[in-house]
Amino acid sequence: MGLFYHIGKYFLLLFRVFAKPEKFKIYYRETIKEIDKLGLNSIWIVAVISVFMGAVITIQTAYNTDNPMYPKYLIGLTARDTLLLEFSSTIIALILAGKIGSNIASEIGTMRITEQIDALEIMGVNSASYLILPRIIASVIFTPFLTLMSMIIGIFGGWVAGVSTGVMTTQDYVYGIQYAFIPYYIVYALIKIAIFAFLITTISAYHGYYTSGGSLEVGKSSTKAVVHSSIFILLFNVILTQLLLS
Amino acid sequence: MIEVKNIAKSFNGVPVLKNIDVLFEKGKTNLIIGQSGSGKTVLLKSIVGLHDIEQGKVIFDGTVFNELNFKDKKEMRKQIGMLFQGGALFDSATVEENVMYPLNMFTELTYSEKRDRANECLKRVNIINANQLYPAEISGGMKKRVAIARAIALNPRYLFCDEPNSGLDPQTAILIDDLIKEITVEYNMTTIVNTHDMNSVMEIGDKVVFIYNGAKWWEGTRDDIFDSENEELNKFIFASKLSQKIRDLKNRH
């Protein structure tokens, strides 16, 4: 019962979010601000995690395939496919759920409990659309760039780790990342991250928008936003993989 | 003029407003008074449509506000200004940007025209040299005044104030009261103020409505209030020793 109640309320909120904006110019300006806040500010964390994950994937693959039967280029190939298929979309989405999901929920939640949302409503502004739509557009537009960046940096991290530890040569790695390359994997990852970004933004905004009470509830909303976004990312990962790769 | 007809509201089956009828007059400061938890804020928020009422009508100069569709309600709200208890200023915007917000959203004025109007409103509430400060950098009294400036930026016909004096020292509270009173007369607005501050009642209460336990218990003017024989109202008004002394002095003369 509770689940259906929340699903219904979530879709009713989305219905309000996608209403015609009061002024496109203001929404455009807000979207640019959100790209800066949610997107550009996430570059650093995505880059750091990607370089280390690329390195770890490469080293682990190297140690698990330490057999003369396996060609060395397999290390590069495994690192590439792991990054393209899962890490740069799903794992990055889970990290972003923690970073931007909690940010969205706490920001909107605080606006709710300090009556800033009521103030918007009183002025005749569609607060749901004004607060949520720019965030959705910003994250859906920008996260695919983060994913592409993560792929490149992750592969670079793998190369640095592989060569510096001596588990393979540059030639093996470069051959491996080019071997049996399927460009559709990139499209698959970009579709996934765009959908994950939509889920993170809307689920977090939902929890923030319907916060009631005080600062304690803002914290709870923020936690729920991260947990629920993560669950839905994992659920949709299965669904999208089946739909896009089968 | 705002007419409230037989409105009721409950939360989780607990009645909070019980069949309230009241008329708020234009060009006057209409006060809703009552103890904390009596239903004042719910009444105010029900009138402006932030809470959906379960029965009755809220009529703004002949228009039944609570029966309007979403679009018409949005249009109507452009004529409403509201001062919230904490000010409800946008944290990420400066004082000037806060006042310019409704102008940005609903007018086609140029940037300099909007800035001029914002400065005019800020000057009206005696905010000078604070335009570029953020809400976190100004005092509680200033926040309330900026919120009033934002509320009047679009020349509204109706002004609602939810506990405008809460958390303010008596001197600043009187300044805010005077400002509300002056603006009401200047713009010929229908103003409704929620308060439990007896100073406000005596300073600006053209009309006073006493809410007790979710129902309208008494209504009259500030001059009638001391002569009222309503037991609950008297308990509320004469709760402090100061007001008891004032009553005794008045009775002696």
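Colleague: Buried or exposed: how does A:Leu38 count, going by its C-beta neighbours?
Modeller: A residue is buried if 20 or more other C-beta atoms lie within 10 Å of its own, exposed if 12 or fewer, and partly exposed in between, with C-beta atoms placed from the backbone. A:Leu38 has 25 such neighbours inside 10 Å, so it counts as buried.

Colleague: Before we go on, what pLDDT do local features need here?
Modeller: This is a predicted model, with residues numbered from 1 along each chain as its sequence is written, and with chains lettered from A and ligands numbered from 1 in the order in which they are written. Totals for chains, interfaces and linings use all residues and side-chain atom pairs count only at pLDDT 80 or more, whereas local features need at least 70.

Colleague: Back to A:Leu38: how far apart in space are A:Leu38 and A:Ser139?
Modeller: A:Leu38 sits in helix H2 (residues 24-39) of chain A; helices (H or I, at least four residues) and strands (E, at least two) are DSSP runs, numbered from the N terminus. Contact means C-beta atoms, placed from the backbone, within 7 Å, and beyond four places in sequence A:Leu38 has contacts with A:Ile100, A:Arg135, A:Ala138, A:Ser139 and A:Phe142. With A:Ser139 the sequence gap is 101 residues, yet C-alpha to C-alpha the spacing is 6.8 Å.

Colleague: Which residues of H7(A) are buried?
Modeller: Start on the other face: the one turned away from the buried side carries the exposed A:Gln171 and A:Gln178. The buried side packs against H4 and helix H6 (127-165) of chain A. In helix H7 (residues 170-178), the buried ones are A:Tyr173, A:Gly176 and A:Ile177.

Colleague: Why are those buried residues on the same side of H7(A)?
Modeller: An α-helix has 3.6 residues a turn, so residues three or four places apart point the same way. The arc is taken from the directions from the helix axis to the C-beta atoms. The buried residues are on the same side of H7(A) because they cover an arc of only 90°.

Colleague: Which helix gives the most to the side of chain A that touches chain B?
Modeller: In this interface 13 residues of chain A are in contact with 15 of chain B. For the classes, Ala, Val, Leu, Ile, Met, Phe, Trp, Tyr, Cys and Pro count as nonpolar, Asp, Glu, Lys and Arg as charged, and the others, Gly among them, as polar. The chain A side has 5 nonpolar, 3 polar and 5 charged residues. With 6 residues, the one that gives the most is helix H5 (residues 116-123) of chain A.

Colleague: And the largest nonpolar core: which helix does its largest share come from?
Modeller: By nonpolar core I mean a set of buried Ala, Val, Leu, Ile, Met, Phe, Trp, Tyr and Cys residues joined through C-beta atoms within 7 Å. The largest one has 124 residues, and those touching the most other members are A:Ile200, B:Met82, B:Val99, B:Ile148, B:Ala149 and B:Phe160. Its largest share, 15 residues, comes from helix H4 (residues 73-113) of chain A.

Colleague: Where does this core lie with respect to the domains of chain B?
Modeller: Domain bounds come from an automatic or database domain assignment, which gives chain B domain 1 (2-79 + 156-252) and domain 2 (93-154). Both give residues to the core, so it lies between domain 1 and domain 2 of chain B.

Colleague: How far apart are the C-alpha centres of domain 1 and domain 2 of chain B?
Modeller: There are contacts from 11 residues of domain 1 to 10 of domain 2. On the domain 1 side, helix H6 (residues 170-187) of chain B gives the most, 5 residues. The C-alpha centres of the two domains of chain B lie apart by 26 Å.

Colleague: Which are the edge strands of the open sheet of 4 strands in chain B?
Modeller: Strands pair if DSSP finds at least two bridges between them. The order is E2-E1-E4-E5, with antiparallel pairing, and 2 bridges join strand E4 (residues 55-60) to E5(B). Pairing on one side only are strand E2 (14-24) and strand E5 (63-64) of chain B.

Colleague: Last one: which residue takes a positive phi in the hairpin of E9(B) and E10(B)?
Modeller: Strand E9 (residues 207-212) and E10(B) run antiparallel, joined by 5 bridges. B:Ile211 has B:Lys216 as its bridge partner in E10(B). The hairpin has 2 residues between the strands, and the positive phi, near 55°, belongs to B:Asn213.

Conventions: Two residues are in contact if their C-beta atoms, placed from the backbone, lie within 7 Å.
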